[in-house]
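Here's a walk through one protein model, written for someone who likes to know the cut-offs behind each label. Have the sequence and the coordinates open as you read.

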Amino acid sequence: MTEDVIDDLHRRGLIAQSTDEEALRASLAEGPVAYYCGFDPTAPSLHVGSLLQFMVLRALQRAGHQPVVLVGGATGLIGDPRPTAERQLNDPATVATWVQRIREQVAPFLELPAERDGLKGPIYVDNLDWTASLSAIDFLRDLGKHFRVSKMLAKEAVSARLNSEAGISYTEFSYQILQANDFLELFRRQGVTLQTGGSDQWGNLTAGIDLVRRVEGAAVHALSTPLVTKSDGTKMGKTEGGSVWLDPSLTSPYAFFQFWLNADDADARTWLPLFSERPADEIEALIEESIERPAARTAQRALAEEITVLVHGPEQLEQAEAAGRALFGRDDLGTLGAETLGAALQEAGSVTVDGEVPTIAQLMQLTGLVASLSEARRTVKEGGAYLNNERVTDADAVPGEEAWLAGGWLVLRRGKRVVAGVRRTPVPAS
């Protein structure tokens with residue numbers, strides 16, 4: 001199996017660059033290899049862009065190799081330089097909390113059932129363990145002497161910052177040395193000989209290879225994943241509401257599911273091989289069907305279902321799908337729990353009312369389903385207004401106590417596809 005993993009990663013489009021691929025193939029074929037990927041806790045959660053690294057980690061693990069997951073309690077205190085501006089430094093207590101949260105996010109992807117014989121469970125490490133005790137003198141004498149400033153300046157993000165008004169601090173400039181030292185330490189501690197990461201990390205990855213060669217005289221490897229963008233050129237995982245996070249408290253499972261379901265056709269066809277672990281022939285069939293019948297959104301649904309299960313589990317997928325069906329009149333809204341219903345309506349758009357409840361026409365205007373009361377009345381008269389999936393016949397009616405759903409919600413709909421929520425405070429007693 002091991003000799004095929006590089007071919008598998010290439011087929012899926014998961015390799016952008018690699019160092020001495022033939023030597024890497026030979027190393028993987030010889031026997032289990034320890035490999036690592038690092039995640040910096042510069043936010044309380046990873047976002048969907050990190051899933052690409054999970055796909056590589058999982059593919060190598062399935063091929064019998066040993067995953068090592070580094071969550072950077074040290075590098076997270078600094079942050080890899082961004083092309084635009086200096087990162088805000090977070091306090092150590094906050095970063096320590098984020099280290100634990102991100103470790104818990106990664107775990108379900110790699111801690112597979114024990115009955116999967118031959119798969120090696122992950123080893124978790126924190127680079128604060130070997131960086132905290134590193135003195136300034138040791139940093140400069142033992143590490144800094146191996147780095148050439150001209151090479152460090154060539155890194156794209158560093159170069160961009162040098163040529164901007166913001167400039168770059170020595171703190172962020174030194175990040176590359178710390179990440180390179182991680183590879184050296186993991187080579188010594190865990191026998192790690194392969195590092196994976198995003199293509200924007202290529203300079204850091206190769207710096208680690210060079211440091212291991214200079215200090216230990218050993219040949220190690222790196223491979224990077226491509227930068228994934230949308231067809232409009234924007235960054236994958238960004239929406240009008242911000243980043244799509246893996247933490248359900250930051251991006252609800254419903255909103256997560258909808259992100260994939262609402263992907264552009266071209267994006268879905270590009271993303272499917274990257275993020276799906278289906279067999280190649282099944283992926284090809286889904287892409288072909290997506291081209292022939294784009295309205296069916298088969299590629300989007302396949303992605304949404306598979307990745308939501310992977311990140312949030314089958315129960316949350318079921319709730320996310322049930323919410324979509326219920327909001328648009330295909331299932332009973334009463335089957336949804338308050339959390340799922342609230343997440344779905346907040347994603348769709350909602351307003352809060354306090355005190356006296358307005359009429360349905362007024363609520364339609366408040367939620368933005370219509371521009372005016374006269375338009376609301378006209379919509380009702382034409383049979384295009386719905387309250388909790390029941391057609392409205394009286395625009396001036398006030399929703400009664402029995403209309404309020406779990407969590408104190410009403411669902412308003414105009415036509416087949418335009419939905420908004422109304423939440424009442426205080427929440428009516430159930």
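Let's start with W404, which is placed in the loop between β11 and β12. With a relative accessible area of 10%, W404 is buried; that label means under 20% relative accessible area, while exposed means over 50% and partly exposed is in between (1.4 Å probe, protein chains only). W404 sits 16 residues from N388 in sequence, and their C-alpha atoms are 8.8 Å apart in space.

A word on provenance: this is a predicted model, where local features need pLDDT of at least 70 and side-chain atom pairs count only at pLDDT 80 or more, while totals for chains, interfaces and linings use all residues. Residues are numbered from 1 along each chain as its sequence is written, and side-chain values use heavy atoms, with hydrogens and water left out.

**Overall picture**

The protein chain has 19 helices and 13 strands. These elements are DSSP runs numbered from the N terminus: helices are H or I with at least four residues, strands are E with at least two. Along the principal axes, the C-alpha atoms of the chain fill a box of roughly 80 × 50 × 40 Å. Of the 430 residues in the protein chain, 51% are buried.

**Two open sheets**

One open sheet has six strands in the order β1-β6-β5-β2-β3-β4, and its pairing is mixed. Its edges are β1 (17-18) and β4 (123-125); each has a single partner strand, so one side of each has no neighbour in the sheet. Pairing here requires that DSSP finds at least two bridges between two strands. Strand β2 (residues 34-39) and strand β5 (residues 192-198) run parallel and are joined by four bridges. In that pair, Y35 stands opposite L194 in β5.

The other open sheet described here is made of five strands, ordered β9-β13-β12-β10-β11, again with mixed pairing. At its edges stand β9 (350-354) and β11 (390-391), each with a single partner strand, so each has one side without a neighbour in the sheet. Strand β10 (residues 385-387) runs antiparallel to strand β12 (residues 409-414), with three bridges joining them. Y386 faces R413 in β12.

**Salt bridges**

How many salt bridges does a search of the whole structure find? It finds 20, each defined as a side-chain nitrogen of Lys or Arg within 4 Å of a carboxyl oxygen of Asp or Glu. Here are three of them:

| Pair | Closest N to O distance |
|---|---|
| R58 and E277 | 2.7 Å |
| R213 and D210 | 2.4 Å |
| E305 and R301 | 3.9 Å |

The side chains of R58 and E277 meet in a salt bridge. That pair links distant parts of the chain, 219 residues apart: R58 is in helix α3 (residues 51-62), and E277 is in the loop between α13 (265-275) and α14. R58 counts as buried because its relative accessibility is 10%, whereas E277 is partly exposed at 26%.

R213 and D210 are three residues apart in helix α11 (residues 202-216), so about one helical turn separates them. R213 is partly exposed, given its relative accessibility of 45%, while D210, at 16%, is buried.

E305 and R301 lie four residues apart in helix α15 (residues 298-312), which means a separation of about one helical turn. Both ends are partly exposed: E305 has a relative accessible area of 26% and R301 has 35%. Elsewhere, D7, E21, E22 and R25 are joined into one network by salt bridges that share partners.

**Surface patches**

On the surface, D281, E284, E288 and E292 gather in a patch of negative charge. Patch members need over 30% relative accessible area and no salt bridge; like charges are joined within 9 Å, and nonpolar side chains (Val, Leu, Ile, Met, Phe, Trp, Tyr) within 5 Å. For the charges, Asp and Glu count as negative and Lys and Arg as positive, with His and the chain ends not counted; each charge is placed at NZ of Lys, CZ of Arg, CG of Asp or CD of Glu. D281 belongs to helix α14 (residues 280-292) and, at 55% relative accessibility, counts as exposed.

V149, L153 and L162 make a nonpolar surface patch of about 240 Å², with areas from the Shrake-Rupley method and a 1.4 Å probe; for residues, only the protein chains shown count as cover. L153 lies in helix α7 (residues 149-153) and is partly exposed, at 33% relative accessibility.
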